[in-house]
Amino acid sequence: MQIYNTLTRRKENFETLEPGVVKMYVCGPTVYNKAHVGHAMSALVFDIIRRYLLYRGYQVKFLMNFTDVDDKIIQRANEMGIDPFDLAEGYIQEFQQHLKDLNILPATINPRATQTIPQIISMIQTLIEKGYAYPVDGDVYFRVQKDEDYGKLSGRKLEDMQAGARIEVDSRKEHPMDFALWKAARPNEPFWESPWGKGRPGWHIECSAMNLAHQGEQIDIHGGGNDLVFPHHENEIAQTESLTGKPFARYWVHNGMLQLSGEKMSKSLGNIVSIEAFLTQHSGDVLRLMVINSGYRNPLTFNDEVLEQTERALDRLHSALRPALPNAAGASEQMLQTLKNQIAATREGFVASMDDDFNTAGALGYLFELVRVINQARAEGATNQELQAAQDTLRELLNVFGLKMETPSTEKHQAAAFIDLLVELRSELRKQKLFALSDTIRDRLLDLGVVIEDSKEGSTWRWK
RNA sequence: GGCGACGUGGCCAAGUGGCAAGGCAAGGGUCUGCAAAACCCUGAUCAUGGGUUCAAAUCCCAUCGUCGCCUCCA
């Protein structure tokens with residue numbers, strides 16, 4: 001199995017620190033507002049990676065954090081006149097529900113910045129002792145010049161960054177790129193007691209501390225959006241590796257940004273489609289399939305046309321899971337052999353694609369080939385029993401992708417007997433060539449979400 | 001200005017040295033009372049210009065274009 005590593009900018013063979021176990025950490029959201037579909041994309045990417053690792057027999061320890069204290073949370077809470085911790089808690093609950101709705105497996109642990117304060121303080125103390133950090137007026141800064149390979153993840157040099165820096169330089173800092181590990185509390189801000197006075201952690205240190213606390217000094221996969229490469233992940237590396245003297249993560253994995261009308265979707269740009277809004281219009285499977293249908297490292301095109309196309313593609317996947325035609329007489333030996341061969345070819349192609357840096361789009365292509373052959377076999381009269389192995393394979397691999405492939409709900413089930421009755425009566429009308437009436441029944445049922453399909457063997461119906 | 005990524009049929013998108021996956025849409029056909037679904041058939045030489053090679057979408061150089069990061073950001 002090969003994984004693209006941002007640190008080396010190429011694909012590398014995947015070897016874990018401990019055989020059979022993957023320690024994985026993904027940067028979660030800062031919970032100061034509703035999450036949008038870009039956050040969902042990232043969560044989906046790493047959920048799919050995790051599911052595939054599980055499929056390949058790994059045990060996966062999966063952490064995703066919540067940044068639940070920072071400037072924006074405090075600012076927003078003050079504007080709304082509520083407690084910042086309550087604000088954060090509300091958005092955390094909401095995000096957890098979104099993850100569930102998107103069929104994302106729950107994390108092994110969801111650490112939070114506010115629950116890791118003692119570890120953060122102790123980490124900062126050690127960094128100060130080792131000369132990698134220095135306190136100023138209740139703040140503590142990381143000393144980037146002390147870290148010789150600072151910039152290795154993002155491929156930047158300190159000199160280059162100084163040249164292009166657009167930030168206002170804080171004269172108390174030794175170097176413009178030094179970043180805060182600890183921030184002194186201002187009036188009306190939440191704080192914790194520390195050796196440097198009342199304050200709260202900086203943004204980057206929490207992830208380092210959470211990993212140290214829950215995973216140890218080294219992890220296998222560290223993930224997040226590619227907008228986190230610099231400065232967030234760069235700084236995580238600087239902190240952790242300065243402390244431990246060991247490589248932090250073996251593989252740095254970054255997903256591309258979701259693009260709305262050619263731009264990154266982000267809270268600051270204001271071009272947001274919230275997960276909540278999306279899920280009122282579409283199933284979670286649709287967004288998941290959009291993610292699957294393209295490379296996780298590339299930008300993901302998100303617009304109404306692509307959404308519509310993905311809905312149709314999802315319909316096609318569903319089509320292969322439909323039962324045999326009524327009165328199916330059985331398919332030819334040749335057809336059954338083709339079906340059997342395609343099952344093997346699909347399995348093989350799926351794994352080969354996914355082994356190559358989680359090439360979901362390539363793997364999906366093989367699934368569609370299986371779809372075609374299943375539908376061919378059904379059209380030639382294959383029975384449910386003859387279709388079973390292929391459909392089971394398809395279901396199994398769709399499940400590796402995390403697609404739910406749900407169809408009817410229980411309340412609809414209660415209507416099934418009545419629909420059966422209508423379809424039966426309609427068949428009688430058709431025999432009597434009372435087509436106007438039978439078409440009316442078909443149209444009216446379609447309005448109610450029931451699709452009737454006729455064949456020479458009889459009529460079938462399904463939920464739209 | 002610095003660093004990086006990308007540009008494949010109408011749309012989305014794999015492939016990254018050896019005759020260009022897949023999905024959506026479109027056109028034609030089979031089936032059907034009609035319809036729907038499904039099935040069958042049809043289309044790209046890979047931004048542009050050079051170069052390397054027996055061979056390039058795939059490597060190198062240049063140009064144009066798009067996007068990301070350099071500030072909070074999945």
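Which helix gives the largest share of the surface near RNA strand B? In this predicted model, local features need pLDDT of at least 70 and side-chain atom pairs count only at pLDDT 80 or more, whereas totals for chains, interfaces and linings use all residues. Residues are numbered from 1 along each chain as its sequence is written, chains are lettered from A and ligands numbered from 1 in the order in which they are written, and side-chain values use heavy atoms, with hydrogens and water left out.

**View 1. The protein surface near RNA strand B.** Helix α12 (residues 360-379) supplies the largest share, 9 residues; helices are DSSP runs of H or I with at least four residues, strands are runs of E with at least two, and both are numbered from the N terminus. In total, 67 residues surround the strand, and the closest are Trp 203, Gly 225, Leu 228, Lys 264 and Gln 376, where "near" asks that a heavy atom of the residue lies within 4 Å. Sugar and phosphate make up 65% of the atoms of RNA strand B that come within 4 Å of the protein.

**View 2. Polar contacts to RNA strand B.** A polar contact here pairs N or O atoms within 3.5 Å. A sugar or linking oxygen of RNA strand B lies 3.2 Å from an N or O atom in the side chain of Ser 42. For Asn 375, a side-chain N or O atom is 3.3 Å from a sugar or linking oxygen of the strand, while for Asn 293 a polar backbone atom is 3.3 Å from such an oxygen.

Terms used. A polar contact is a pair of N or O atoms within 3.5 Å; within protein, one must be able to donate a hydrogen and the other to accept it, and residues adjacent in sequence count only if both atoms are side-chain atoms.
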